[in-house]
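Subject: Structure handover

Hi,

Here is the structure for you to look at. My notes on it follow below.

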Amino acid sequence: MNSPGAANTAAARRHRVVIIGSGFGGLTAAQRLAKSDVDVTLIAKTGHHLFQPLLYQVATGILSVGDIAPSTRLILREHKNVTVTLGEVDKIDVENKNVHAVAGHIDFDLPYDTLIVAAGANQSYFGNDHFERYAPGMKTIDDALELRGRILGSFELAELTEDEDERRRLLTFVVVGAGPTGVEMVGQIGELAHRTLKDSYSNIDPGQARIILIDAAPAVLPPFGDKLGMAARKRLEELGVEVHLNAMVTDVDSKGIEVKDPDGTTRRIEAACKIWSAGVQASPLGKMLADQTDAEIDRAGRVQVNKDFSVPGHPQVFVIGDMMSLDNLPGVSPVAIQGAKYVAKQIDREVEGKQRPTERPAFKYFDKGSMATVTRYSAVVKIGPIEMHGFIAWVMWLLVHLAFLIGFRNRLAALFSWGMHILGDKRSHLSATSRFVYGRRALDRVYGGGIASSLEGGRRESADEKSPAEESPADK
Ligand SMILES: Cc1cc2nc3c(=O)[nH]c(=O)nc-3n(C[C@H](O)[C@H](O)[C@H](O)COP(=O)(O)OP(=O)(O)OC[C@H]3O[C@@H](n4cnc5c(N)ncnc54)[C@H](O)[C@@H]3O)c2cc1C
């Protein structure tokens with residue numbers, strides 16, 4: 001085992017801040033601490049910072065991976081007090097102020113004086129984790145590429161089959177969850193089917209695809225209110241999307257999905273491509289912290305933090321972003337970014353001796369509003385009492401997302417890809433390889449669900465499972 005910081009004695013070293021996560025929260029905290037008198041180690045299980053709000057554009061071939069996932073190491077390389085480390089944290093020892101992590105066959109410790117945990121959230125299947133295999137969510141680059149492979153694979157197989165029922169099944173796409181991600185996803189599958197892929201097959205008309213948005217709630221985009229929810233629904237229906245509300249998904253398998261309607265009847269939708277965007281579950285690191293402290297976690301696994309994002313009883317352990325629960329703040333990037341800036345400021349002031357932890361002011365969130373695209377030229381925007389939808393909202397969405405992408409190159413590349421898509425119906429990134437579709441299962445078979453667990457459990461192959469190559473993309 002390696003211990004990069006173990007040789008340092010307290011007298012000889014600077015205050016050590018360990019940040020877990022390179023998402024909006026973790027990256028912002030590292031950037032804000034770059035001028036502070038501290039040594040920062042940022043550890044994350046990927047080498048990139050991921051701009052999750054545009055994942056659906058990678059899944060549907062508008063943007064490339066690099067456009068939304070720049071290297072964390074390169075973003076932070078100017079900051080000499082920041083060390084970037086690849087690794088998956090599998091243990092936090094609050095009492096001994098130590099983080100343990102693994103990367104491949106190497107495991108190591110990172111001792112800290114202050115810890116910022118910003119490990120985000122994963123997709124939640126509300127206790128039905130077996131749905132995941134047939135209806136992946138969209139949280140990572142791997143997810144987006146897998147979905148790209150599944151969506152395009154369904155069209156390709158529909159072109160080949162001679163069985164009418166099978167063709168219908170292959171051309172049925174179901175997205176579960178009518179929040180921003182679900183709406184953006186069905187909108188783009190609709191655009192793909194009706195515009196981009198038009199006239200590009202010999203045996204099928206992609207415009208005949210059945211695209212269904214399902215939610216157990218009674219509205220589309222509930223956080224945006226009735227007016228904008230109705231506007232988004234209308235726009236989707238104009239594009240041919242079927243919106244099924246008050247419909248609870250009760251089962252998902254390789255061939256389709258089972259839904260229970262409010263009158264208690266159950267129906268089945270035969271569909272090859274299913275996508276899950278219905279709920280979130282905070283990183284399991286939250287429960288690990290709660291088990292060692294007085295902190296509580298809510299049903300989504302988020303740590304209930306103090307007004308300064310610290311864990312109750314541990315002023316030097318902060319939890320920010322999607323992993324924490326405070327004053328009903330939503331799981332959106334501005335909450336993670338503003339939380340990170342606030343926490344970095346407190347650390348800076350305390351290291352300089354200008355403030356004690358007990359003197360921290362309460363965090364105040366500045367709500368700049370929320371927005372979601374529906375289709376090309378159509379978005380919804382809510383800023384306080386102001387509600388907008390349609391073209392102007394879409395232009396605002398475009399400008400805000402362009403501004404928040406990291407790096408000039410990425411902004412330019414996104415602008416170019418959007419220009420091609422908007423003006424010429426072109427999507428430059430429609431390539432999909434079998435690795436996209438089968439990679440996750442192959443890794444699961446080797447590592448049993450996570451690279452870290454491979455070190456503990458070794459191989460976990462089940463004799464009765466089909467090898468990935470024996471399944472078609474549509475049966476996954
Ligand atoms: C598809 C999608 C669309 C979205 N659209 C919007 C939108 O339009 N507007 C908006 O404001 N918000 C949107 N969000 C929400 C927004 O992306 C999140 O609120 C934000 O990313 C939270 O930031 P975070 O730093 O808490 O977590 P994340 O950005 O999720 O970062 C978590 C980090 O922790 C790392 N990590 C996790 N576990 C470990 C571990 N054990 N060890 C080491 N590292 C670990 C991950 O690799 C990652 O680097 C969207 C989210 C998704 C998934």
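How far apart do the C-alpha centres of domain 1 and domain 2 lie? They are 36 Å apart. Please keep in mind that this is a predicted model.

Domains first. The chain is divided into three pieces: domain 1 (15-45 + 87-123 + 281-359), domain 2 (129-278) and domain 3 (434-475). The UniProt record, an unreviewed entry, lists residues 16-338 as "domain: FAD/NAD(P)-binding". That span is 29% helix and 28% strand. Its end C-alpha atoms lie 22 Å apart.

Now the overall fold. The chain has 14 helices and 23 strands. Its radius of gyration is 23 Å, close to the 23 Å that the globule rule gives for 476 residues, so the chain is as compact as a globular protein of that length. Along the principal axes, the C-alpha atoms fill a box of roughly 75 × 60 × 45 Å. Of the 476 residues, 42% are buried. Among contacts with a separation of 6 or more, 63% join residues 24 or more positions apart.

Next, the ligand. There are 33 residues around it. G21, G23, G25, G120 and G321 come nearest. By class, the shell holds 16 nonpolar, 13 polar and 4 charged residues. Several elements each supply at least two shell residues:

- helices α1 (24-32), α7 (180-196) and α10 (333-351)
- strands β2 (38-44) and β4 (88-93)

Why does the ligand lie between domain 1 and domain 2? Both domains give residues to the shell, so the ligand lies between them.

One residue to look at is K341. It sits in helix α10, which is one of the elements that supply the shell. Is K341 buried or exposed? Neither in full: K341 is partly exposed, because 16 other C-beta atoms lie within 10 Å. Beyond its neighbours within four places in sequence, K341 is in contact with T28 and R32. Helix α1 covers 24-32, and both of these partners fall in that range. K354 is 13 residues from K341 in sequence. In space, the two lysines are 17 Å apart, C-alpha to C-alpha.

Over to you.

Best wishes

How values were computed: Residues are numbered from 1 along each chain as its sequence is written. This is a predicted model: local features need pLDDT of at least 70, side-chain atom pairs count only at pLDDT 80 or more; totals for chains, interfaces and linings use all residues. UniProt positions are given in the numbering used here, feature names are shortened, and annotations may be inferred rather than shown by experiment. Helices (H or I, at least four residues) and strands (E, at least two) are DSSP runs, numbered from the N terminus. A residue is near a molecule or strand if its C-beta atom, placed from the backbone, lies within 6 Å of it. Ala, Val, Leu, Ile, Met, Phe, Trp, Tyr, Cys and Pro count as nonpolar, Asp, Glu, Lys and Arg as charged, and the others, Gly among them, as polar. Domain bounds come from an automatic or database domain assignment. A residue is buried if 20 or more other C-beta atoms lie within 10 Å of its own, exposed if 12 or fewer, and partly exposed in between; C-beta atoms are placed from the backbone. Two residues are in contact if their C-beta atoms, placed from the backbone, lie within 7 Å. The radius of gyration is taken over C-alpha atoms; the globule rule is 2.2 Å times the number of residues to the power 0.38.
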